[in-house]
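The exercises below are meant to be worked with the sequence and the coordinates open side by side. Each task is followed by a solution that proceeds one step at a time.

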Amino acid sequence: MVKFCDCPGHFGYLKLALLVFNVGFFNCILDMFKCICKSCNRVILMEKDRREFLKKMRNPRADALQKSATMKKVRDKCKLSCCPAVITKMVWLKMS
Ligand SMILES: [Zn+2]
């Protein structure tokens, strides 16, 4: 096993003053932000769906194409969904 200091691909790092997004991952990061509730910072999915997608994304046998397809399904489902925590809070407020 090659140690970190022996790796020819890592020459060091730059400490930046501001947060910088990698342009190669920018669209992916935007997609993830669109799937997160702005009030409670949770994923905008029902718990059952969230667990199902998490299982698919963590599957070690799934290749990049399958994970990309799963991410697209998550993004599409998040567009149609409303935050479950917000719905629960609204129902709770209506009942009280
Ligand atoms: Zn929320």
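A residue is buried if 20 or more other C-beta atoms lie within 10 Å of its own, exposed if 12 or fewer, and partly exposed in between. The coordinates come from a predicted model, and the values below are computed from it.

**Exercise 1.** Determine which secondary structure elements the protein chain contains, and how many of its residues count as buried, as a percentage.

Solution. Begin with the assignment, which gives four helices and zero strands, so that from the N terminus on the order reads α-α-α-α. Next, turn to burial: of the 96 residues of the protein chain, 6% count as buried. Finally, take the contacts between residues at least 6 apart in sequence, of which 62% join residues at least 24 apart.

**Exercise 2.** Classify Met-57 and Phe-53 as buried, partly exposed or exposed, and list the residues each one touches, leaving out those up to four places away in sequence.

Solution. Both residues can be placed in an element before anything is counted: Met-57 is found in helix H2, and Phe-53 is found in that helix too, which covers residues 47-58. For Met-57 the count is 13 C-beta neighbours inside 10 Å, and because this falls between the two cut-offs the residue is partly exposed. For Phe-53 the count is 19 other C-beta atoms within 10 Å, so Phe-53 is likewise partly exposed, given that burial requires 20 or more. Turning to contacts, Met-57 touches Lys-67 and Thr-70, while Phe-53 touches Leu-45, Thr-70 and Val-74. Two C-alpha separations complete the step: Met-57 and Ser-68, eleven residues apart in sequence, are 9.0 Å apart in space, and Phe-53 and Met-71, 18 residues apart along the chain, are separated by 8.3 Å.

**Exercise 3.** Describe how H2 and H3 are arranged: what is the angle between their axes, and which residues meet?

Solution. Two packed helices are described by the angle between their axes and the distance between the axes. Here the axes of H2 and helix H3, residues 64-80, come within 9 Å and cross at roughly 165 degrees. Angles over 145 degrees count as roughly antiparallel, and H2 and H3 are therefore roughly antiparallel to each other. The handedness of the H2 and H3 crossing is left-handed. On the H2 side, Asp-49, Phe-53, Lys-56 and Met-57 take part, and they meet Lys-67, Thr-70, Val-74 and Lys-77 in H3.

**Exercise 4.** Identify which residues make up the largest nonpolar core, and trace the contacts of Val-74.

Solution. The core has six residues, namely Val-43, Ile-44, Leu-45, Val-74, Cys-78 and Cys-83. Taking Val-74 from this set, and not counting residues up to four places away in sequence, one finds that Val-74 touches Cys-35 and Phe-53.

**Exercise 5.** Locate Asn-41, state the sign of its phi angle, and decide whether the residue is buried or exposed.

Solution. Asn-41 sits in the loop between helix H1 (26-34) and H2. Its phi is near 65 degrees, a positive value in a residue other than glycine. With 9 C-beta neighbours inside 10 Å, Asn-41 counts as exposed, because 12 or fewer is the condition.

Technical notes. Residues are numbered from 1 along each chain as its sequence is written. This is a predicted model: local features need pLDDT of at least 70, side-chain atom pairs count only at pLDDT 80 or more; totals for chains, interfaces and linings use all residues. A nonpolar core is a set of buried Ala, Val, Leu, Ile, Met, Phe, Trp, Tyr and Cys residues joined through C-beta atoms within 7 Å. Two residues are in contact if their C-beta atoms, placed from the backbone, lie within 7 Å. Helices (H or I, at least four residues) and strands (E, at least two) are DSSP runs, numbered from the N terminus. Axes are lines fitted to C-alpha atoms, for helices over the stretch in contact, and angles run from 0 to 180 degrees between N-to-C directions. Angles under 35 degrees count as roughly parallel, over 145 as roughly antiparallel, 65 to 115 as roughly perpendicular and the rest as oblique. A crossing is left-handed if the near helix is turned anticlockwise from the far one by less than a right angle, and right-handed if clockwise.
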